[in-house]
Amino acid sequence: MPTSLEMKNIQKFYGPIHVVKDFDLHIQPGEFVTFLGPSGSGKTTALKMIAGFETPTSGDIFLGSRSVVDLPAYERGIGMVFQNYALFPHMTVAENVVFPLTVRKVPRQQAEEKVSRALRLVKMDQYSGRYPNQLSGGQQQRIALARAIVFNPSILLMDEPLGALDRNLREHMKIEIMRIQKELNVTVLFVTHDQDEALTMSDRIAVINEGRLVQVDDSRSLYAKPKNRFVASFVGESNMIPCRVDRVEEDSGKVTVAGIAPGTAQLSGQTDGANGWLFVRPEHVEIGLRSAAVNLPNAIDGVVENALFLGEMTRYMVRCGDEIITVKRQNRGEVHFAGGTPVTVSWKTEDCTVLN
Ligand code: ADP
Ligand code: MG
């Protein structure tokens, strides 16, 4: 049975350095949650505290209704996969995978059955007699995964497990991990600094910056409604243009964009006169010839600085005063604008938000 996981006001100091700050997070049984954040933001430290390899400075951690902070790692029933596989090099695949069962004194025949089942699940049952150095990186990572799940953990922690794999293999393993989670019916807490991994795999993503949870949301909400500038620029591509809020209206506000053009944007709590950043995704920006009529509330004149043909779409960099605005348009018979073309870029009110 999958378990819930709750972190309550978790703090971690290394000496004077505050590495994990006020973590409050409740993960549902069977949920796939990802910690997404840049290197050094505290992801591994948070995971280690859950697994029992580090002790929180304060706060509490619950698996189901049970507090685990005073339990040693091996009594928490947590499976863990690391970035660097951490397989025992002198043991065969089967010996590696049986290890957690030996430690738990599972009877031999039962253990062998569990090992076969785990190896079948990761599609490595043909390789049980090999040594780790006779396997590719992707295969080693599958074995590490088999070893982490062989004792039926109720929760699986994975710390950048795909980081060392090349791109194709990573795409494949993403789908494999999602399949395995469904088949095992296990709660997963996954760590990555790769937004694509996070967006594809997760039920919810917890974005971490400098030791703090900045936003916890499902992929679509995170992409469409980032809470602040950090989340907006860390998840997906975005335009972030300086702006001033001139007048707050009922559910939007009049703004001046980049000190030059008037517009209307959604607000995120700003008041009259506030300075902020106008956030708009490149795929939400329209582009047209300067002379063409624009009937959107936000429009800025500019000049195409360069146009990159990307197959299914074109990416334009448009210089508007001191700002460069990125535009992504699908190539479906649309007009192409070459470098040097005077254009107007425009977008809807509902597609832009003032962020702090
Ligand atoms: P991430 O996994 O997000 O890259 P970490 O959790 O590994 O980040 O590290 C967060 C911060 O804590 C970093 O600044 C790191 O240098 C520091 N740190 C990690 N482990 C230790 C430790 N054992 N002693 C002192 N500082 C540490
Ligand atoms: Mg790490």
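**Ligand 1 and helix α2**

Me: What makes the pair formed by a backbone N or O atom of Gly-40 and an oxygen atom of ligand 1 a polar contact?
Reply: The two atoms lie 2.7 Å apart. A polar contact is a pair of N or O atoms within 3.5 Å; within protein, one must be able to donate a hydrogen and the other to accept it, and residues adjacent in sequence count only if both atoms are side-chain atoms. The Gly-40 pair therefore qualifies. A polar side-chain atom of Lys-43 is 2.8 Å from an oxygen atom of ligand 1, and for a side-chain N or O atom of Thr-45 the distance to a ligand 1 oxygen is 2.5 Å. Ligand 1 alone exposes 570 Å², of which the protein buries 57% (Shrake-Rupley method, 1.4 Å probe; for residues, only the protein chains shown count as cover).

Me: What do these values rest on?
Reply: This is a predicted model, in which local features need pLDDT of at least 70 and side-chain atom pairs count only at pLDDT 80 or more, while totals for chains, interfaces and linings use all residues. Residues are numbered from 1 along each chain as its sequence is written, chains are lettered from A and ligands numbered from 1 in the order written, and side-chain values use heavy atoms, without hydrogens and water.

Me: Which helix gives the most to the shell around ligand 1?
Reply: Helix α1 (residues 43–51), with three residues. Helices are DSSP runs (H or I, at least four residues), numbered from the N terminus.

Me: Why is Asn-96 called buried or exposed?
Reply: Buried means under 20% relative accessible area, exposed over 50%, partly exposed in between (1.4 Å probe, protein chains only). Asn-96 has 0%, so it is buried. Asn-96 belongs to helix α2 (residues 93–103), and its side chain makes a polar contact with that of Arg-147 at 3.4 Å. Leaving aside residues up to four places away in sequence, Asn-96 touches Leu-87, Phe-88, Met-91, Pro-132, Ile-143 and Arg-147 (contact: heavy atoms within 4.5 Å).

Me: How do you know where the buried residues of α2 sit around the axis?
Reply: Val-93, Asn-96, Val-97, Pro-100 and Leu-101 are buried in α2. They cover an arc of only 150°, so they are on the same side of α2. The arc is that of the directions from the helix axis to the C-beta atoms. The buried residues of α2 pack against α3 (108–121) and α4 (137–149).

Methods: Helices (H or I, at least four residues) and strands (E, at least two) are DSSP runs, numbered from the N terminus.
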